Amino acid sequence: MSASRDEAGRLEPRVGPVPEGEPESHPYHHPTAGWGAAKSVSRFMVREGVLADGPRAILRMNHENGGFDCPGCAWPDDNKGLHLDICENGIKHVTWEMTRKRVGREFFAAHSVTELSGWSDYALENQGRLTEPMVYDPGTDHYVPISWKDAFALVGRTLRELDSPDQASFYTSGRLGNEATFLYQLMARELGTNNLPDCSNMCHEASGRALRASLGTGKGTVDLKDWEATDALFLLGVNAASNAPRMLTALAAAYRRGAQVVHINPLVEAAATRTIIPHDFRSMATCHSTPTSTLNLQPRIGGDLALLRGMAKAILEQATSDPKALDREFIDRHTTGFEKYRALCEATPWAEIEKQTEISRPDILKAARIYREADRSIVSWCLGISQHEHGVDTVREIVNLLLLRGNLGREGAGPSPVRGHSNVQGNRTCGIDHRPGPEFLDRLAEVCEIEPPREHGLDTVGTIQAMHRGEVKVFVGMGGNFALAAPDTPYTHEALRNCDLTVQVSTKLNRSHLVHGRRALILPCLGRTEKDRQRAGVQSTSVEDSMSMVHLSVGMRRPASPHLLSEPAVIAGMARAALPDSATPWQWYIEDYDRIRDTMAQVLDGFEDFNRRVRLPLGFRIKQPARELVFRTPSGRAEFSTAPLPDVVPAPGTLALGTLRSHDQWNTTIYSDNDRYRGIRRLRTLVFMNQDDMRERGLSKFDPVDITSTAKDGTRRHLNGYLAVPHDIPRGCAAGYMPEMNVLCAIGDYSTQSDQPIMKHVKVTIHPAA
């Protein structure tokens, strides 16, 4: 069995299921989605025992009237009211939550934490839904039942006994709804801390910081209608078929209407080839596929900034003979720093651009020509851009390119980050921010009558380091699987075990319940598919998608257990116990979530008249000032940036490794050991490599290899016995699956620009296994 080992040689458990049969790797030449997705979904629903209930729930997903929002990705709902606005991974996510399997007191009585720690993460989650609160008993090494009252009392007592509120940290995953998010940050700030790390600290922190610096907003400016109107789409570092499958509909539609679609990624992912949209019944019946790209470029890992600089350089060179290549009126009226940026581009040699990108000048000019000839362009990106040392500079370079041709503030144009989890953007909007702005804190203080702390708190990396030092003693996780998602797995596990108390609010058993503090609680909550019945009746919650649309979600199914509480109710219970003298009406809020929304409307910019507007068809869009050409930057204009090109060429003998998800995976949840779109079956402990790099190391397909990463501080981390798989990837690059490969990313290897772990650019050496 392949596994990872840390510096001390300790074995890390497997993540996926135990494969049955030999691994396989074959090139994938079929369309994305289509019948392949339909077959995969059917098999999955049969396995989870929801073949009857699953389709009924799925037909209500993403509906504006009484439906629930997909708990998967943050892609917007179709603005035409499409009744089958669903995808393979969304269906799997929902049916995984709807499973009939249960994890109650009998299960925990039968299995110790030590035993469960040896199970794969797939096996843990596959046991089913958690049914009642549990507390860890160190005397028996088992979780045992605890009442909600006693669980809240334990949390409250522990928080009150801390020497400082900054000895607690409150983590949020991207699925937490807006109302719960607002209560969560209110509790933390009323306690007196801004220690509010979230999954954005590991994914799109760079995007927010870059957009804020360039445009004065931390979000993209486009919506789905803009995607339908644009002439050219540029997608960087995005694996749409797995991470945001509903985007395939937009890509196919763009191609059909004659728009240019350019994919820029070290790997040519299946989404960059062709697709059959499942709700296009004619195409399904005839197996007729639609291309989803007009050009594919494969820069080396980290070479995107240089590629964008090359496109800008080509546009500026063209402008010497064709003034229409630039939008000088837009540049002069709405931007600052253009002349310095032009000088930087002119001074950057083409030879250096080609060296850093591993792409020829003629191919870069192809992309530049598409951009120049398009009247309206959108540039979209995901973690392949942000999880780098220079992620902020790269996103700012995207904005530079857009500004050259005035691709901002008009239909069909602008920046469009692709957020991952369903409400990760809403979490930040509603107050989960370890570096809150003074305006937000002032409104929170006035409306909620508290004195929020003004000092910056800890982000994800800072929290892990502080737990490791013993400075953070209480860790509360609202959803997610922090122990598995974070970098430097052994270090993170040591940090969590160093806590006095860890609290995990979850729907299913996962690694974070087994890697715990001296005391530990598992608090089970409702899923998004389930009815949340409070005193005023069945409640709805809201979420914000990646294009700033806010809409309601209403669960429809009977809860998996009568002992489950909603996430807002769990937060309110902890808050009442930790803040016994609080004037905040925690229970009153839980009786009717409209009351939470009324308070949010007074605190949050853009949420005015919240309760009425969120009940409109498809909800409402939060206004983005930069979309109206209002720039909340120091200059009051959109600001060009002038970052130097980073040297991303690997040193001799080393490779740049990026972590990625398989197709049959959602974040840390592994559905199987297959990766259909990359042609992999029964294998996760692999490393994708360029064939020339394999030949140079004397490797053939499926040869076992040892992978060693070297951190900034010189320490090394190892993965042993992984299998080498040839793949279409630039020389000097490699890739493999997270979370298994998170062990290679040292806790100190985070971006100095965004503080994000550098998951997409780990320096490694790969040798035949010893």
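**Entry 1: a pair of strands**

I began with strand β10 (residues 232-236), which runs parallel to β11 and is joined to it by five bridges. I took strands as DSSP runs of E with at least two residues, and helices as runs of H or I with at least four residues, both numbered from the N terminus. I called two strands paired if DSSP finds at least two bridges between them. I looked up one bridge: Ala232 has Gln260 in β11 as its partner.

I noted that this is a predicted model, where local features need pLDDT of at least 70, side-chain atom pairs count only at pLDDT 80 or more, and totals for chains, interfaces and linings use all residues. Residues are numbered from 1 along each chain as its sequence is written, and side-chain values use heavy atoms, with hydrogens and water left out.

**Entry 2: the sheet around β11**

Next I followed β11 (residues 260-264) to β14, and found three bridges with the strands running parallel. Ile264 faces Leu297 of β14 there.

Is β11 enclosed or open? I found four of its five residues buried, so the rest of the structure largely encloses it. Buried means under 20% relative accessible area, exposed means over 50%, and partly exposed lies in between (1.4 Å probe, protein chains only).

I then wrote down the whole sheet. It is open, has five strands in the order β14-β11-β10-β16-β17, and its pairing is parallel. At the edges I found β14 (295-297) and β17 (414-417), each pairing on one side only. From one strand to the next, the twist averages 15°. For such angles, axes are lines fitted to C-alpha atoms, for helices over the stretch in contact, and angles run from 0 to 180 degrees between N-to-C directions.

**Entry 3: the mixed sheet**

I turned to another open sheet. Its six strands come in the order β8-β7-β20-β19-β18-β9, with mixed pairing. Why do β8 (142-145) and β9 (168-172) each have a side without a neighbour in the sheet? Both stand at the edges with a single partner strand, so one side of each is left free of a neighbour. The twist here averages 20° from one strand to the next.

I checked β7 (residues 134-137) against β20 (residues 519-524): they pair antiparallel over two bridges. Val135 sits opposite Leu521 of β20. β7 also pairs antiparallel with β8, over four bridges, and Tyr136 stands opposite Tyr143 in β8. These two strands form a hairpin with four residues between them. In its turn, Asp141 has a positive phi of about 60°.

**Entry 4: Ala569**

Last, I picked a residue in a helix. Ala569 belongs to α26 (residues 567-578). Is Ala569 buried or exposed? I found 12% relative accessibility, so it counts as buried.

Which residues does Ala569 touch, leaving aside neighbours within four places in sequence? I found Phe152 and Ile590 in contact with it, where contact means heavy atoms within 4.5 Å. I also looked up Arg637, 68 residues from Ala569 along the chain; their C-alpha atoms are 43 Å apart.
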